[in-house]
Amino acid sequence: MEISKDQIATLLDNGLYGSAQMLGCFLVSSSSVSAETSPHIKAENLILLGDSLHREREYRRAIHTYKQALQYYKIIPKQNSASTRSSLPTSNRSSSPNFFNISAINESEVKFKIASCHSALNETKAALVEMEGIPSKARNLQMSLLMAKLYRSSRHNRGAVACYKECLRHCPYVIEAITALAELGATPKDIISLFSQNPNRSGRAPFDHVDGNRWLHCYVEAQCCIASNDYKGGLELLGELLQRFPNNMHILLEIAKVEAITGKTDEAIMNFEKVRSIDPYVVTYMDEYAMLLKIKSDYPKLSKLVHDLLSIDPTRPEVFVALSVLWERKDERAALSYAEKSIRIDERHIPGYIMKGNLLLSMKRPEAAVIAFRGAQELRADLRSYQGLVHSYLAFSKTKDALYSAREAMKAMPQSAKALKLVGDVHASNSSGREKAKKFYESALRLEPGYLGAALALAELHVMEGRNGDAVSLLERYLKDWADDSLHVKLAQVFAATNMLQEALSHYQAALRINTQNEAAKKGLERLEKQMKGVDPDAPEEDEENEVDDADGDPEETELL
């Protein structure tokens, strides 16, 4: 034969996929190989060409080529096929795309490669059809993990759980499987029990006898805490791991993500910046960091972050969410387009749904925002999806639905001050519910005295009820412990409303000294300057808001409080 399969294998082993693909075209078209007399050689040649196409990300061509190979494989006489496969030692076969078997054809491996291509094209159903055609006994670790992901994407959670468990029986260090099982409701005991079922073919000591792996048990417990919305417990366990593994980027990112979800903005920003100082090319969770920078109105840092991410990998969903965050201030339609693009790239990317929901809400499309927040909640119900749902329902007067969502958040996170505040927000939306709102805000502050969101909401409630003095006293008390620009802005607004213009000016200026990019302070200062000049400023936004009906009271709330 003019061209040897070994020559293509050498190119593939050295990562020269372009050359392998071109040489593969010569190999499969060689006149010295007859499809009628040597179907097994024809099939092997096509698989090699398929492997080169797969690695070049020409997935449709790879699928077509692999399927051609299977057609030739089916016409190989059974005795020849069996003898060919049995002559190859099991240890020399692999389903990994890094290993290209040139001595025999393994139908299960070819189906796995076809499924991998379909998965890369987001064709979940087609990928599952191929994977389900592989006998369960023939599935290795890679196959089980892919099947678990496919089942989860198609919302077949029972199948996903079974496959993730099989992964951990093969190898307890499949971190993806641990996280997924925690999110699917498995307990730490369920997950850790799988480690001792490791087949242990290597002859090493069984996993559960190795003291050095106790950190993995701690990691399992942390992920289960986070998945069950016990954020405090999760952060404590991740903190323990960080002490043992200082500057561990994965742990730092997990901590920062939880802090971002729970509204610990400053702490999360600090940890994201620490990660970027260790490795400036990290993309994981950087869209979460982008959203925090927007909250702090730090647009120069946000712009630099997006520029960096685009230069690292412009195909990742995190990059499009970060672009959406950056463009929100300039062009909401463009921002929405970027958020939707992130979801098209990865339909399980939660920040994409959160960003889309927030944009739709600000564009006065609350019904569409509800759908986006529901999408996030179906993937993983966390505080932000509940907040989005409550505020969206309130925006189009669905007070009962808002109250239901807020109570669901409170049940899911009974120790969360932020969940209590959500119920208060619903009651505060109508004058008849303000007394109830006050109780929920006060309960939130008892649970978490440093929660400024509840303090600001309570101060706003005092203002709405005409108790400006109480609002000022509350805010000034918090300012003694927290030098926060939002507190200064709220105080300035209260003083401006009571015509204490000099005091208002002082607090707007203090807010801008803390955060020069604070948009509320800038707009408030412009408005105040008009007042000080005797010019009547535009009517406040509060006058334009629609009142919503209060929902019926529920005795269950007293118990929950």
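The paragraphs below go through a predicted model, from the overall fold to single side chains.

The chain has 31 helices and zero strands. Of its 561 residues, 49% are buried. Among contacts between residues at least 6 apart in sequence, 54% join residues at least 24 apart.

The nonpolar interior can be taken next. In soluble globular proteins, nonpolar side chains tend to be buried together. Here the largest nonpolar core holds 146 residues, and the members that touch the most others are Met131, Leu168, Ile191 and Met286. Leaving aside residues up to four places away in sequence, Ile191 touches Leu168, Ile178, Leu181, Ala182, Ala186, Val220 and Cys224. Another core, of 17 residues, lies apart from the one that contains Ile191; Leu53, Tyr59, Ile105 and Ile114 are among its residues.

Helix H18, residues 317–327, shows burial at the level of one element. It is largely enclosed by the rest of the structure, because 10 of its 11 residues are buried. The buried residues are Pro317, Glu318, Val319, Phe320, Val321, Ala322, Leu323, Ser324, Val325 and Leu326. What do they pack against? Their partners are H16, helix H17 (299–312), helix H19 (332–345) and helix H20 (350–362). Phe320, one of the buried residues of H18, also has a charged group over its ring: the charged end of Lys341 sits 5.7 Å from the ring centre. A second case of this kind involves Lys418, which lies over the face of Tyr451 at 4.4 Å from the ring centre.

Aromatic rings also meet one another, and the structure holds six aromatic pairs. A pair of aromatic rings is described by the distance of the centres and the angle of the planes. For Phe272 and Tyr289 the centres are 5.5 Å apart and the planes are at 35°, so the pair counts as tilted. Phe272 belongs to helix H15 (residues 265–278) and Tyr289 to helix H16 (residues 286–295), so this pair links parts of the chain that are distant, with the two positions 17 residues apart in numbering. Both partners are buried: Phe272 has 0% relative accessibility, and Tyr289 has a relative accessible area of 4%. Elsewhere, ring pairs join Tyr173, Trp215 and Phe245 into a cluster.

The cysteines can be dealt with briefly. How many disulfides does a search of the whole structure find? The search finds zero. Cys218 illustrates the point: the closest cysteine sulfur to its own is that of Cys225, and at 9.3 Å this is too far for a bond, because a disulfide requires sulfur atoms within 2.5 Å. Cys218 is buried, with a relative accessible area of 12%, whereas Cys25 is partly exposed at 35% relative accessibility.

Two places further along the chain remain. Glu442 is in helix H25, residues 434–447, and is partly exposed at 27% relative accessibility. Its C-alpha atom is separated by 7.6 Å from that of Leu458, which is 16 residues away along the chain. Beyond these residues, an unreviewed UniProt entry places the feature "repeat: TPR" at residues 485–518. In the model, that stretch is 79% helix and 0% strand, and its end C-alpha atoms are 8 Å apart.

Terms used. Residues numbered from 1 in each chain as written. Predicted model: local features only at pLDDT ≥ 70, side-chain atom pairs only at ≥ 80, totals over all residues. Heavy atoms only, no water. Buried < 20%, exposed > 50% of the residue type's maximum accessible area, 1.4 Å probe, protein only. Phe/Tyr/Trp six-rings, centres within 6.5 Å; stacked < 30°, edge-to-face > 60°. Helix = DSSP H or I, 4+ residues; strand = E, 2+ residues; numbered from the N terminus. Lys NZ or Arg CZ within 6 Å of the ring centre and 35° of its normal. Contact = heavy atoms within 4.5 Å. UniProt positions renumbered as here; feature names shortened; annotations may be inferred. Core = buried A, V, L, I, M, F, W, Y, C linked by side-chain atoms within 4.5 Å.
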